[in-house]
Every structure is written in structure tokens, then in C-alpha cells.
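Biologist: Please take a close look at one part of this model with me, its largest pocket, and then place that part within the rest of the chain. Which residues line the largest pocket?

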Amino acid sequence: MTADLPMRPLAMPFADRVELRFGKAFPVVLVVDRDAVPRLREVLDEGWKALQASAARQEGGE
């Protein structure tokens, strides 16, 4: 996955889910239940913080 990859969310209220589409012609789809959305956000945030910490360590010469 890269920054230029198209990503589109689609709320599916009838199914109580969110569909995330990655790509254009033949997208990969991730369907997330409403109850799992906060956990997905937490996991992504944890990963982001770990990347930032790693970059900070590399900049610091550790």
C-alpha cells in the first residue's frame, strides 16, 4: 500500500459495517463491523506511533 493508492470508504448502515476499497479497476475490499472500527483505528495508531518512534531513533543516531 502506498500514499497514491486510491482508498474509498463506504458506510453500509444496513449491514452495520464499513467497506474500505483499495485500488481502482479491481479493488481489494476490507469489510469491518461497526464494533471493530475503534479497534482497527487503535491498531493503525499504534503502528503509526511505532513508525514515528523508529524514525526518531534513526534521526537521533541510536
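Modeller: I will begin with the pocket, go on to the elements around it, and end with the whole chain.

A word of care comes before the details, since this is a predicted model in which local features need a pLDDT of at least 70 and side-chain atom pairs count only at pLDDT 80 or more, while totals for chains, interfaces and linings use all residues. Residues are numbered from 1 along each chain as its sequence is written, and side-chain values use heavy atoms, with hydrogens and water left out.

The largest pocket (on a 1 Å grid over the protein atoms alone, an open set of points where a 1.4 Å probe fits, with protein on both sides within 12 Å along at least five of seven lines) has a volume of about 210 Å³. That volume is the space filled by probe spheres set on the grid points, which are joined across faces, edges and corners. The residues that line the largest pocket, each with an atom within 4 Å of a point, are Met-1, Met-7, Val-18, Leu-20, Phe-22, Leu-30, Val-32, Val-37, Leu-40, Arg-41 and Leu-44. Sorted by class, this lining holds 10 nonpolar residues, no polar ones and 1 charged residue (Ala, Val, Leu, Ile, Met, Phe, Trp, Tyr, Cys and Pro count as nonpolar, Asp, Glu, Lys and Arg as charged, and the others, Gly among them, as polar).

The lining can also be read by element (helices, H or I, of at least four residues and strands, E, of at least two are DSSP runs, numbered from the N terminus). Two or more lining residues come from each of β2 (17-22), β3 (28-33) and α1 (37-60), and the greatest contribution to the largest pocket is made by α1, with 4 residues.

It helps to follow α1 beyond the pocket. Pro-38 lies in this helix and is partly exposed, with a relative accessible area of 44% (buried means under 20%, exposed over 50%, and partly exposed in between, with a 1.4 Å probe and protein chains only). The C-alpha atom of Pro-38 is separated by 16 Å from that of Leu-10, a residue 28 positions away along the chain. Gly-47 also has its place in α1, where its relative accessibility of 33% makes Gly-47 partly exposed, and its C-alpha atom stands 28 Å from that of Ala-15, with the two positions 32 residues apart along the chain. Gly-60, again in helix α1, is exposed at a relative accessible area of 57%, and the C-alpha atoms of Gly-60 and Phe-26 are 42 Å apart in space, for a sequence separation of 34 residues.

Two residues on the strand side of the chain complete the tour. Thr-2 is found in the segment before β1, counts as partly exposed at 48% relative accessibility, and is 25 Å from Met-12, C-alpha to C-alpha, although the two are 10 residues apart in sequence. Asp-16 sits in the loop between β1 (7-12) and β2, is partly exposed with a relative accessible area of 35%, and has a positive phi of about 60 degrees although Asp-16 is not a glycine.

Stepping back to the whole, the protein chain has 1 helix and 3 strands, which run β-β-β-α from the N terminus on. The chain's radius of gyration (taken over C-alpha atoms) is 16 Å, well over the 11 Å that the globule rule gives for 62 residues, so the chain is more spread out than a compact globule; that rule is 2.2 Å times the number of residues to the power 0.38. Along the principal axes, the C-alpha atoms fill a box of roughly 50 × 30 × 10 Å, and 8% of the 62 residues count as buried.
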